Amino acid sequence: MDSLAGEAEAGQRLKRTALRDFLSLPDEMRIDPLPGYTLRVSRDDVPVPVLLRYALKLIGLPSYGPGEKVAWWVDFVYQGERCQLAHQKFGVRLTLATVAPEDDAAKKLARIVKQLRSSLRVVEKLIEDAAPAILGVGKATVVNQHSSLRDAYEYFRERALNPVFIADETTVTEYEGGATGTTFTSGAIRMRMNAFHDMIAAITAYLSLVEHVLVLALPFRGFDPTNDDLTTIIGWRWGEKFGRLLGTGGDASKYRQRLTEVVERWRNPYSHGGFEKGHSATIYLHTPGVNAAVPIGLTKVRNSPLFSFLPTNETDIAEVFDLFDEIDTWFKATMPKAMQWIESDLNVRFDEAFRSEVDAARTDEEFDYLLERTEYHQAMVDNMDF
């Protein structure tokens with residue numbers, strides 16, 4: 001797919017509307033350097049600069065580049081005056097060559113930006129219509145959020161294992177007539193409750209991390225767009241992703257089952273409105289004959305954190321995180337190339353060219369070279385060192 005469906009129609013529409021004042025630059029107007037006034041276009045106005053280049057391409061304006069510290073630029077004429085739009089290292093710059101006073105030039109620059117922004121609605125509609133088909137066959141790059149998701153997990157884990165110290169509180173209240181009352185708040189109990197809440201947050205963060213890793217690892221584990229639809233896989237539950245990437249037998253089955261037990265016991269009640277699976281300790285039946293309200297789970301409630309005064313203890317917390325450490329180690333042993341790439345913080349491409357490069361890097365040395373080469377290229381792109 002070299003172009004999107006509907007490009008010709010979109011170009012004609014832009015010529016009639018948002019970009020009606022934008023024309024090709026004649027050769028006789030190509031004079032360097034470009035004098036005049038320059039406006040730095042706000043990132044808020046243009047969060048994805050390349051879409052401006054695409055909009056101008058749709059009306060027949062060519063782009064040039066890359067160059068030194070500039071990714072691309074487009075020369076054009078706006079209402080008879082020469083302009084240039086460029087994506088430079090520190091942002092998008094719009095230059096207007098004019099002999100008009102500065103105030104008049106500033107107003108014209110603002111009008112140009114407004115019209116460019118208006119063109120994005122047409123461009124975005126084109127891309128949104130094509131997105132499901134493009135994404136489904138893997139012509140996409142997934143942003144690597146491994147570091148930020150792990151940071152969130154590590155933050156709550158540390159708080160759960162080492163809760164902030166809370167001292168006991170004793171409050172004496174004096175009443176009329178000379179009587180006094182005393183209330184006592186246990187710091188230790190409050191610390192244990194805080195540790196429990198942070199453990200739940202850590203489990204939720206870890207599951208997000210696992211799901212993210214399982215998607216990023218797909219190109220390293222036989223992703224094939226003829227059989228796999230990326231959109232569908234991203235929408236699967238974590239257990240389905242786990243099975244697709246790591247199989248359903250042996251250690252994969254063991255770790256999936258153990259992780260499921262942690263999720264069902266600790267996380268699910270707090271991510272589904274406070275209701276446990278089976279509602280064992282969260283719904284009480286008004287039971288005839290018993291003449292009382294009793295929990296649905298009956299004897300199962302002994303394992304429910306909602307049924308305990310102190311829902312967890314140090315041993316429970318340590319066991320959860322020991323399991324997570326085991327899974328992390330197993331991931332690295334089972335998917336070494338995928339985890340090495342993911343932990344590099346590089347984004348992950350799903351296209352055929354990248355999958356072929358990964359498949360061709362059979363030895364550790366070849367894969368290290370691929371990783372280093374990609375890191376070097378990304379650094380060049382980030383710094384616009386073309």
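**Exercise 1. Work out how much accessible surface the protein chain has, and what share of it belongs to carbon and sulfur atoms.**

Step 1: take the accessible surface, computed by the Shrake-Rupley method with a 1.4 Å probe, where for residues only the protein chains shown count as cover. The protein chain comes to about 22000 Å².

Step 2: split by atom type, and 52% belongs to carbon and sulfur.

Step 3: keep the source in mind. This is a predicted model, where local features need pLDDT of at least 70 and side-chain atom pairs count only at pLDDT 80 or more, while totals for chains, interfaces and linings use all residues. Residues are numbered from 1 along each chain as its sequence is written, and side-chain values use heavy atoms, with hydrogens and water left out.

Step 4: now for burial, which means under 20% relative accessible area, with exposed over 50% and partly exposed in between (1.4 Å probe, protein chains only). Of the 386 residues in the protein chain, 39% are buried.

**Exercise 2. Find the strand order of the open five-stranded sheet, then see which helices sit against the sheet.**

Step 1: get the elements. Helices (H or I, at least four residues) and strands (E, at least two) are DSSP runs, numbered from the N terminus; the protein chain has 12 helices and 11 strands.

Step 2: pair the strands, which takes at least two DSSP bridges between them. The order reads β1-β3-β4-β5-β2, with antiparallel pairing. At the edges are β1 (22-23) and β2 (37-41), each pairing on one side only.

Step 3: add the helix α2 (residues 50-58). Counting a contact as heavy atoms within 4.5 Å, α2 packs on the sheet by touching β1, β3 (70-78) and β4. Its direction makes about 40° with that of β3, using lines fitted to C-alpha atoms (for helices, over the stretch in contact) and angles from 0 to 180 degrees between N-to-C directions.

Step 4: add α3 (residues 102-136), which lies across β1, β2, β3, β4 and β5 and runs at about 40° to β2.

Step 5: zoom in on one pair. β4 (residues 81-88) and β5 (residues 91-96) are antiparallel over six bridges, and C83 has L96 of β5 as its bridge partner.

**Exercise 3. Identify what lines the largest pocket and the largest cavity.**

Step 1: set the rules. On a 1 Å grid over the protein atoms alone, a cavity is a set of points where a 1.4 Å probe fits but cannot get out, and a pocket is an open set with protein on both sides within 12 Å along at least five of seven lines; lining residues have an atom within 4 Å of a point. Points join across faces, edges and corners, and a volume is the space filled by probe spheres set on them.

Step 2: the largest pocket has a volume of about 430 Å³. Its lining holds 19 residues, with R43, P49, H87, Q88 and M384 nearest the centre. The largest share, three residues, comes from α12.

Step 3: there is one cavity of 30 Å³ or more, and the largest cavity has a volume of about 40 Å³. Among its lining residues are H146, Y206, D328 and M339. Here α5 (187-216) gives the most, with four residues.

**Exercise 4. Is R237 buried or exposed?**

Step 1: R237 lies in the loop between α6 (230-235) and α7 (238-246).

Step 2: its relative accessibility is 65%, so R237 counts as exposed.
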